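Here is a friendly walk through one protein model, written for someone who works at the bench. Have a look at the structure first, and then we will go through it part by part.

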Amino acid sequence: MIKITFPDGSQREFEKGTTAYQVAESISPRLAADSLAASVNGTTVDMTRPIEEDAAVKFYKWDDAEGKHAFWHTSSHLLAEALEALYPGIKFGIGPAIENGFYYDVDSPVPITEADLPTIEKKMQELARNKEQLVRTEVSKADALKTFTEKNDQYKVELIRDLEDGTISFYTNGAFTDLCRGPHIPNTGLIKAVKLTSVAGAYWRGNEKNKMLTRVYGISFPKKSMLDEYLVLLEEAKKRDHRKLGKDLELFMFSQRVGQGLPMWLPKGAELRDRLERFLRQIQKQYGYLQVITPHIGNKDLYVTSGHYAKYGKDSFQPIHTPYEGEEYLLKPMNCPHHCEIYRSKPRSYKDLPIRLAEFGTVYRYEQSGELHGLTRVRGFTQDDAHLFVRPDQLLEEFEKVIDIVLYIFRTLKFDQYTAQVSLRDPNNKEKYIGSDENWEKAESAIIKAAEDKGLKTTVVTGEAAFYGPKLDFMVKDALGRNWQLGTIQVDYNLPERFDLTYKGADDKLHRPIMIHRAPFGSMERFVAVLLEHTAGKFPLWLAPDQAVVLPISEKYNDYAAEVVDYLTQHDVRAQIDDRNEKIGRKIRDNELKRIPFLLIVGEKEQNERTVSLRVQGEGDKGSMTLDAFCNHIKELVDAETASQGRA
């Protein structure tokens, strides 16, 4: 017999080899039917896996992230089974679950296009109705290689060669067998609705030197009504796509001549970004941050010292060779090494700490071209970066103050739903990280304690830490229910050691400071992209690039319209004129689409009375108003929005 412990602490005994499904069924047939996967001693497994020893067991349903992951992982296998049936000779790369759905990378003997997706969907639905079980088989490395060598699938063979014997398993559903560690849902019949969403190219293993495979994306649900709701959200997401809105609102652009992944901010976007920066600078000033500026490049030795070159050098832009033999520079991939050098530029005392260095620093990373996406994945971006150098007795308080800043920003910009992800190192793969076990344990404990003290809703993820320290990442849910990683705080004992940073303590001895890395926005580019999609381009009034536009009903009133714009500008209202030779109805429609909050229409009556006819975005006409009254109205609205700004 084995002892099973449930989440509420209760325990029951079962025969050794009882499956998670049977345990759930003993509690309730409904629980067994709704459970998609199970946690056994912290590892997510199939419901059909036998439990061989005493275990803590938890069941995952659709509403749990682990349940969705198993559901979508199985859906990727269902997709592969359909593709194998429709395209004989097709070869398979990888097919994981992702945040919203799944994909499979394939090497097809004939091109697969978006026009083929309905046929593939139909085949998936046909196979799902067979309620095929996902059968797991443990296999030796030799047998695994033999199986896929006979299938002439070089991609699976390559993956198997990287695996250790004794860790390899296959899963079979219907006629399809795949190399996979799982977990999966009990059978394909639970998949009631499928939508294949797109086809894209993807280099094998993300390497541009490898062959380009076809990536088929999809999503699936246990109910058709869920798919219908998702498709509505998908249409809304297309309307909110920051790439489209950025172009429509004239905020930013890209140019192939400048280079992929290198955004250029247009005047309205630059103003928007400047207001965000000023907003954060104001908060940072209250908390004692000191603003610094560092170069866009650095000597290669700087990043060798920090460890960034060893970890990321091959994925960065290539070194810049100077005329001096052997001298190499890199485009700055991180700001922290520069800030370490500023810290160590003079002796420091325990009385000087904490020292908080802040910079809106632009960094450069060579992302693969297939991974670039608007402002959310770029090769050049500006971090709202800061590095705090603190004594051990200051660490917790300073970390919690950074949390306060992040949460204040979220409140101000109406990001009301968020969770904090505690990202720890992988204890089974320590070679990925630098630093001693002792320092890692201290850093991880500090982050967990700070999150607890602040009452944050947290999840713990192993293996997601930075190479030099653990992180607290803020996952924000936007207006469409999508999760974005915005804001990060990291504790670092390692860079102070690598740069030999010290301060003289009260005991007159030298001590090592601890570093806190933090970026509340994350990067200006990504933050603006998420804010654009969250607000659908309808920014709060204090942030809007244009607060008002003046629309003369004919060219006869252009001069008065220009006077109105001049008056508004003098009263700190951001306004422009639309004096195109177009009908007033067309002007109204066009400027509504630009999300400008207030439309001010002027004609003969308004010119004679020195007024404007006010139209509010999304609300329609509001009647006549004097210029003074309108300026006061704008001021009151902005004051209400920013009442708490400066008092974070």
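How far is the sulfur of C336 from the closest cysteine sulfur? That sulfur belongs to C340 and is 6.5 Å away, which is too far for a bond. The structure holds 0 disulfides, a disulfide being a pair of cysteine sulfur atoms within 2.5 Å. C336 is buried, with a relative accessible area of 2%. C631 also counts as buried, at 7% relative accessibility. Here buried means under 20% relative accessible area, exposed means over 50%, and partly exposed is in between, with a 1.4 Å probe and protein chains only.

A word on the basis of all this. The model is predicted, so to speak of local features pLDDT of at least 70 is needed, and side-chain atom pairs count only at pLDDT 80 or more, while totals for chains, interfaces and linings use all residues. Residues are numbered from 1 along each chain as its sequence is written, and side-chain values use heavy atoms, with hydrogens and water left out.

**The cores**

In soluble globular proteins, nonpolar side chains tend to be buried together. In this model the largest nonpolar core has 82 residues, and I409, L472 and F474 have the most contacts inside it. Such a core is a set of buried Ala, Val, Leu, Ile, Met, Phe, Trp, Tyr and Cys residues joined through side-chain atoms within 4.5 Å. Helix 13 (residues 395-412) gives the most to this core, with 10 residues. Apart from this core lies another, of 36 residues, including A70, A82, L117 and L227. Back in the largest core, I409 touches F279, L280, I283, P520, F521 and F527, leaving aside residues up to four places away in sequence. Contact means heavy atoms within 4.5 Å.

**Strand 24 and its partners**

Strand 24 (residues 471-477) is mostly covered, as 6 of its 7 residues are buried. Helices (H or I, at least four residues) and strands (E, at least two) are DSSP runs, numbered from the N terminus. Strand 24 pairs with strand 22 (residues 417-424) in the antiparallel sense over 7 bridges, and two strands pair if DSSP finds at least two bridges between them. Here F474 of strand 24 has A420 opposite. Strand 24 is also joined to strand 25 (residues 483-492) by 6 bridges, and these two run antiparallel. M475 has Q485, in strand 25, as its bridge partner. The hairpin of strand 24 and strand 25 has 5 residues between the strands, and in it G481 takes a positive phi near 80 degrees.

**Charged pairs**

How many salt bridges does a search of the whole structure find? The search finds 47, where a salt bridge is a side-chain nitrogen of Lys or Arg within 4 Å of a carboxyl oxygen of Asp or Glu. Three of them are set out here.

| Salt bridge | Closest N and O atoms |
|---|---|
| D105 and R215 | 2.7 Å |
| D178 and K156 | 2.8 Å |
| E341 and R344 | 3.7 Å |

The pair of D105 and R215 links distant parts of the chain: D105 is in strand 8 (residues 101-107) and R215 in strand 13 (residues 212-221), 110 residues apart. Both D105 and R215 are buried. D178 lies in strand 11 (residues 176-179) and K156 in helix 6 (residues 154-161), so this pair ties together parts that are 22 residues apart in sequence. D178 is buried at a relative accessible area of 2%, and K156 is buried at 3%. E341, in contrast, is partly exposed at 33%, and R344 is partly exposed at 42%. Elsewhere, salt bridges that share partners join R273, E277, R281 and E525 into one network.

**A buried glutamate without a salt bridge**

E132 sits in the loop between helix 4 (117-128) and strand 9 (135-138). What is the nearest side chain of opposite charge to E132? It is K123, 8.7 Å away, and E132 is buried yet has no salt bridge. For charge, Lys and Arg count as positive and Asp and Glu as negative, while His and the chain ends are not counted. Leaving aside residues up to four places away in sequence, E132 touches E81, L127, N173, G174, P186, N187 and T188.

**A look at T462**

T462 is found in strand 23 (residues 458-462) and counts as partly exposed, at 48% relative accessibility. Beyond residues up to four places away in sequence, T462 touches L424, R425, D426 and P427. The C-alpha atoms of T462 and D546 are separated by 44 Å, and the two residues are 84 residues apart along the chain.
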